[in-house]
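Please look through the structure below with two topics in mind, the aromatic rings and the surroundings of the ligand. The paragraphs that follow take them in that order.

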Amino acid sequence: MRTQVAIIGGGPAGLLLSQLLHKAGVASVVLERRSREYVLSRIRAGVLETGLVNLMHEAGIAERMDREGFIHDGTLIANGNDQFRIDFKELTGSHVMVYGQTEVTRDLYEARDAAGATVMHECSGVKPHDLTTDAPYVTFFHEGAVHRLDCDFIAGCDGFHGPCRQEIPLSVRREFEKVYPFGWLGVLSETPPVDNELIYSNSERGFALCSMRNANLSRYYIQCQLSDTPDDWTDDAFWDELRRRIPEEAADRLVTGPSIEKSIAPLRSFVCEPMQWGRMFLCGDAAHIVPPTGAKGLNTAASDVNYLWRALVAWYNDGERGGIDTYSETALARIWKAERFSWWMTTLLHRLPEQSEFDIRMQDADIAYLQHSTAAQTAMAENYVGLPY
Ligand code: APR
Ligand code: PHB
């Protein structure tokens with residue numbers, strides 16, 4: 001087979017890149033290891049920055065998001081029983097869109113199908129080759145046959161555990177990581193959200209987050225031990241603990257019900273430098289991971305895709321290689337700011353096992369400063385709605 005851009009990984013990063021390239025007349029083939037049902041079964045966050053919302057429009061896939069998504073002009077921060085609001089609209093003139101990542105991925109698959117795109121599922125043994133030549137290619141198994149896909153460029157959108165990052169020689173690859181000593185126990189329930197905005201709550205018992213998918217589908221998280229398993233937590237135990245960690249008036253309003261999904265996610269910050277090697281470019285989780293506290297996972301994947309899409313189109317249309325040559329440093333400049341914001345939100349709102357009394361006072365003072373300082377709220381708001389691309 002031959003294409004212009006071989007995309008390894010059919011998650012949101014790979015599909016968004018493929019759709020944007022298609023709109024610009026650049027051909028691509030997507031190679032995904034799992035089935036489509038499996039990819040769509042993953043429950044992931046759902047807060048979209050303005051930049052991603054604009055990309056969805058550029059990609060021609062915004063119709064359902066605009067119809068079913070929720071525009072949030074602010075969010076709530078709670079510290080014990082105390083609560084205050086960060087007014088994104090007032091502070092930045094902007095907002096976020098609450099629309100599940102699973103829905104974004106579903107819209108992308110439908111758009112790829114409508115365009116007759118080649119998205120191959122259940123590809124195994126995917127291996128990129130000749131990355132430092134002008135004629136890279138990918139080999140893989142599909143339906144029992146060995147395939148070779150020749151291309152001009154390879155996009156590694158294969159997530160944290162994919163093969164592409166490993167292709168960058170250790171002599172030039174640097175990896176930065178911070179693993180947090182706790183996890184997030186998440187529950188999805190067919191109940192009305194406790195508030196029409198998200199509540200990020202710091203309590204002496206640990207962090208909690210109240211989020212939503214729609215008017216009758218809520219998503220809640222509590223900080224838990226890394227050694228916990230979902231079976232350690234009955235639904236009742238989860239709801240009781242959540243009530244203890246959010247302000248009383250919210251706890252009184254909370255509508256509970258059976259969990260339709262319950263899972264535990266570890267928290268990690270991770271960055272790989274560089275994000276390109278020869279004619280291979282990494283996007284999304286293949287190159288970086290953020291703790292979910294700042295809702296930056298999907299949004300950082302989207303900013304990578306934004307830079308790579310524009311660089312490849314400039315190359316194909318005008319032979320302009322500036323964007324290609326500087327992709328890694330351009331993407332990393334924004335990634336490190338999203339990493340800092342996610343680390344700051346995580347440190348601000350979670351209880352860390354070895355935290356001293358002084359550390360807790362620092363946390364309280366940081367939250368009090370955020371509560372009473374327009375400057376601090378503006379800094380948080382502009383990072384939350386998304387720094388410019
Ligand atoms: N060959 C082909 N596909 C692969 C391989 C492989 N060897 N290894 C992994 N993949 C696929 C995975 O099955 C997955 O569908 O690559 C895809 C990577 O998708 P994601 O993990 O969703 O990563 P990305 O597209 O970068 O999206 C980032 O996902 O994990 C969330 O919080 C993260 O929201 C962020 C978003
Ligand atoms: C979610 O809705 O799942 C969600 C929202 C905000 C976050 C993390 C997760 O920071």
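Rings of Phe, Tyr and Trp, the last represented by its six-membered ring, are taken as a pair if their centres lie within 6.5 Å, and such a pair counts as stacked with planes under 30 degrees apart, as edge-to-face over 60, and as tilted for the rest. In this model, which is predicted, a search of the whole structure finds 18 aromatic pairs.

One of these pairs joins phenylalanine 153 and tyrosine 316, whose ring centres are 6.0 Å apart and whose planes stand at 90°, so the arrangement is edge-to-face. Because phenylalanine 153 belongs to strand β12 (residues 153-156) and tyrosine 316 to helix α9, this pair ties together parts that are 163 residues apart in sequence. Phenylalanine 153 itself is buried, with a relative accessible area of 3%.

Another pair consists of tyrosine 200 and phenylalanine 207, with ring centres 6.5 Å apart and planes at 45°, and the pair is therefore tilted. Both tyrosine 200 and phenylalanine 207 are buried, and they also take part in one aromatic cluster, which is formed by Phe88, Trp184, Tyr200, Phe207, Tyr221, Phe341, Trp344 and Tyr384.

Rings also meet charged side chains in this model, as two arginines show. The charged end of arginine 148 is placed over the ring of tyrosine 137, at 3.6 Å from its centre, while arginine 165 lies over the face of phenylalanine 160, 4.6 Å from the ring centre.

We turn now to the ligand. How many residues surround ligand 1, and which are the closest? The shell holds 23 residues, and the closest are Ala13, Glu32, Gln101, Asp285 and Leu298. By character, the residues of this shell divide into nine nonpolar, seven polar and seven charged.

Several N or O atoms of the protein approach the ligand, through the backbone as well as through a side chain. A backbone N or O atom of proline 12 lies 3.4 Å from an oxygen atom of ligand 1, and a backbone N or O atom of arginine 33 is found 3.1 Å from a nitrogen atom of the ligand. For arginine 42, by contrast, an N or O atom of the side chain is 3.1 Å from an oxygen atom of ligand 1. Of the 700 Å² of accessible area that ligand 1 has on its own, the protein covers 89%. The elements that contribute two or more residues to the shell around ligand 1 are α1 (12-23) and α9 (297-318), and α9 is also the helix that carries tyrosine 316 of the edge-to-face pair.

Key. Residues numbered from 1 in each chain as written. Chains lettered and ligands numbered in written order. Predicted model: local features only at pLDDT ≥ 70, side-chain atom pairs only at ≥ 80, totals over all residues. Heavy atoms only, no water. Near = heavy atom within 4 Å. Polar contact = N/O pair within 3.5 Å; in protein donor to acceptor, adjacent residues only side chain to side chain. Areas by Shrake-Rupley, 256 points an atom, 1.4 Å probe, with all protein chains shown as cover. Helix = DSSP H or I, 4+ residues; strand = E, 2+ residues; numbered from the N terminus. Nonpolar A, V, L, I, M, F, W, Y, C, P; charged D, E, K, R; others polar. Buried < 20%, exposed > 50% of the residue type's maximum accessible area, 1.4 Å probe, protein only. Lys NZ or Arg CZ within 6 Å of the ring centre and 35° of its normal.
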